[in-house]
Amino acid sequence: MEFLKMLESIRTPLGEAFFFFCTYGGEEIMLLGLICLFYWCLDKKLAYRMTFAYLPSALAVNVIKLTCRVERPWVRDPSFTAVERAKKSATGYSFPSGHTQNATALFGTLGYTRKKLWQRLLLFLIIPLVMLSRMYLGVHTPSDVLVSFAVSSIIVLGINLLADKLTLTHKRRLILMIFLLMAAVATMIYTYLLYAGGTIEYKDAADSFKGCGGGMGFLICWVLETRYVNFSVKCKKPWMQAVKLLIGIAGVLILKEGIKHSFNALFGPNFFTDVFRYFVIMLWAMLGMPLIIKKFFQPAEGDNHSK
């Protein structure tokens with residue numbers, strides 16, 4: 001807490017604006033947006049790699065969060081003040097940092113796959129900036145971000161090294177899907193038992209339920225897309241890339257907010273809503289949108305654009 005109080009003492013409006021911008025590098029919207037951009041428009045294989053780096057690291061961080069149940073800095077020390085608008089994205093428990101995990105999975109994988117040194121350094125630099133931003137804004141302690149970075153880095157590095165060496169056949173995809181699906185289901189059950197038993201509140205369980213729902217949806221869609229759809233990111237015309245990105249993101253946002261508000265109005269906030277809506281979001285992003293791309297945007301075989 002002493003380090004956070006030192007940062008609190010040197011906060012300025014300009015500093016808050018800068019680090020609030022930096023913290024977006026670990027936001028859910030950044031994660032979804034970049035993965036969708038690469039998946040639909042730029043590099044499908046890299047998008048899969050980023051998602052596979054994200055999923056096990058997110059499951060690990062959520063399990064640690066719910067097991068340790070460390071409160072946020074301003075809860076642990078009422079004399080400490082966090083930046084108020086940063087609290088909105090500071091959901092669930094404090095330890096380890098979810099934003100750090102997101103940034104490590106996303107930009108760590110992007111940096112790992114770049115060939116030019118300046119690109120690697122630039123992408124890797126985003127991770128410590130996100131870590132520092134979470135502390136400057138007062139929503140995480142040094143142990144929160146450092147442990148998250150360590151756990152996530154080990155998993156992300158392992159996934160990327162494995163991706164470099166392993167050739168995925170359909171059988172191997174099924175085995176990997178089943179293994180990670182079991183991990184997601186186990187995490188979901190663990191979260192539900194803690195929630196149902198009164199050990200944790202719904203607000204502390206929500207992020208885990210969302211991650212499990214999205215993870216299960218992704219794994220199923222990954223096997224189905226690679227086996228039966230196998231779309232290409234290339235378009236008939238360059239301007240169509242922007243169109244399909246807008247259609248895809250609009251679908252994600254409509255599902256994300258539409259299911260949330262309609263289900264909450266009917267049943268109130270509950271774990272099923274979070275699991276279901278993130279499962280459906282992945283169904284749209286990883287399978288529904290690729291089917292649309294293949295039907296309306298992808299060049300026909302033999303077309304010059306497809307070469």
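1. Let's start inside the protein, with Asp 274. At 3% relative accessibility, Asp 274 counts as buried, because the cut-off for that word is under 20% relative accessible area. Please keep in mind that you are looking at a predicted model. Asp 274 has its place in helix H12. Which residues does Asp 274 contact, once its neighbours within four places in sequence are left aside? They are Tyr 202, Ala 206, Phe 209 and Lys 210.

2. Helix H12 also helps us understand helix H11. H11 covers residues 240-267, which makes 28 residues. At 1.5 Å a residue, H11 should span 40 Å, and its end C-alpha atoms are indeed 40 Å apart, so the expectation and the model agree. Try tracing H11 from one end to the other on your screen. Just after H11 comes Gly 268, with a positive phi near 80°.

3. Which residues of H11 are buried? They are Met 240, Lys 244, Gly 248, Gly 251, Val 252, Lys 256, Ile 259 and Phe 263. Here is a useful rule for reading such a list: an α-helix has 3.6 residues a turn, so residues three or four places apart point the same way. The buried residues of H11 pack against two helices, H3 (28-42) and H12 (271-297).

4. Now turn to Ile 64, which sits in helix H4. Its relative accessibility is 23%, so Ile 64 counts as partly exposed. Apart from neighbours within four places in sequence, Ile 64 is in contact with Arg 69, Phe 95, Pro 96 and Val 151. Another pair to find is Ile 64 and Leu 129: they are 65 residues apart in sequence, and their C-alpha atoms are 23 Å apart in space.

5. Some contacts of Ile 64 deserve a visit of their own. Phe 95 and Pro 96 are joined by a cis peptide bond, with omega about -5°. Pro 96 is in the loop between helix H5 (73-76) and helix H6 (98-113). Arg 69, another contact of Ile 64, has a positive phi of about 50° although it is not a glycine. Arg 69 is found in the loop between H4 and H5, and its 32% relative accessibility makes it partly exposed.

6. Asn 230 also has a positive phi of about 50° without being a glycine. Where is Asn 230 found? Look in the loop between H10 and H11.

7. Next, the empty spaces. The second largest pocket holds about 690 Å³ of space. Its lining has 22 residues, of which Phe 52, Ala 163, Leu 166, Leu 168 and Trp 222 lie nearest the centre. Helices H4 (44-68), H8 (142-165), H9 (170-196) and H10 (202-229) each supply at least two residues of this lining. By class, the lining residues of the second largest pocket divide into 13 nonpolar, three polar and six charged.

8. How many cavities of 30 Å³ or more does a search of the whole structure find? The search finds one. The largest cavity contains about 50 Å³ of space. The elements that give two or more residues to the lining of the largest cavity are H4 and H10. The lining residues are Asn 62, Lys 65, Leu 66, Thr 91, Gly 92, Tyr 93, Asp 204, Asp 207 and Ser 208. Two of the lining residues of the largest cavity are nonpolar, four are polar and three are charged.

9. Gly 92, one of the residues lining the largest cavity, also appears in a pair with Glu 201. The two are 109 residues apart along the chain, and their C-alpha atoms are separated by 9.0 Å. Glu 201 lies in the loop between H9 and H10 and is partly exposed, with a relative accessible area of 49%.

10. Finally, the cysteines. A disulfide is a covalent bond between the sulfur atoms of two cysteines. How many disulfides does the structure hold? The number is zero. Cys 68 is in no disulfide, and the nearest cysteine sulfur, that of Cys 212, is 17 Å away. Cys 212 is likewise in no disulfide; for Cys 212 the nearest cysteine sulfur is that of Cys 221, 16 Å away. Cys 68 is partly exposed, with a relative accessible area of 41%, whereas Cys 212 is buried, with a relative accessible area of 1%.

Technical notes:
Residues are numbered from 1 along each chain as its sequence is written. This is a predicted model: local features need pLDDT of at least 70, side-chain atom pairs count only at pLDDT 80 or more; totals for chains, interfaces and linings use all residues. Side-chain values use heavy atoms; hydrogens and water are left out. Helices (H or I, at least four residues) and strands (E, at least two) are DSSP runs, numbered from the N terminus. The expected span of a helix is 1.5 Å times one less than its number of residues. Buried means under 20% relative accessible area, exposed over 50%, partly exposed in between (1.4 Å probe, protein chains only). Contact means heavy atoms within 4.5 Å. On a 1 Å grid over the protein atoms alone, a cavity is a set of points where a 1.4 Å probe fits but cannot get out, and a pocket is an open set with protein on both sides within 12 Å along at least five of seven lines; lining residues have an atom within 4 Å of a point. Grid points are joined across faces, edges and corners, and a volume is the space filled by probe spheres set on the points. Ala, Val, Leu, Ile, Met, Phe, Trp, Tyr, Cys and Pro count as nonpolar, Asp, Glu, Lys and Arg as charged, and the others, Gly among them, as polar. A disulfide is a pair of cysteine sulfur atoms within 2.5 Å.
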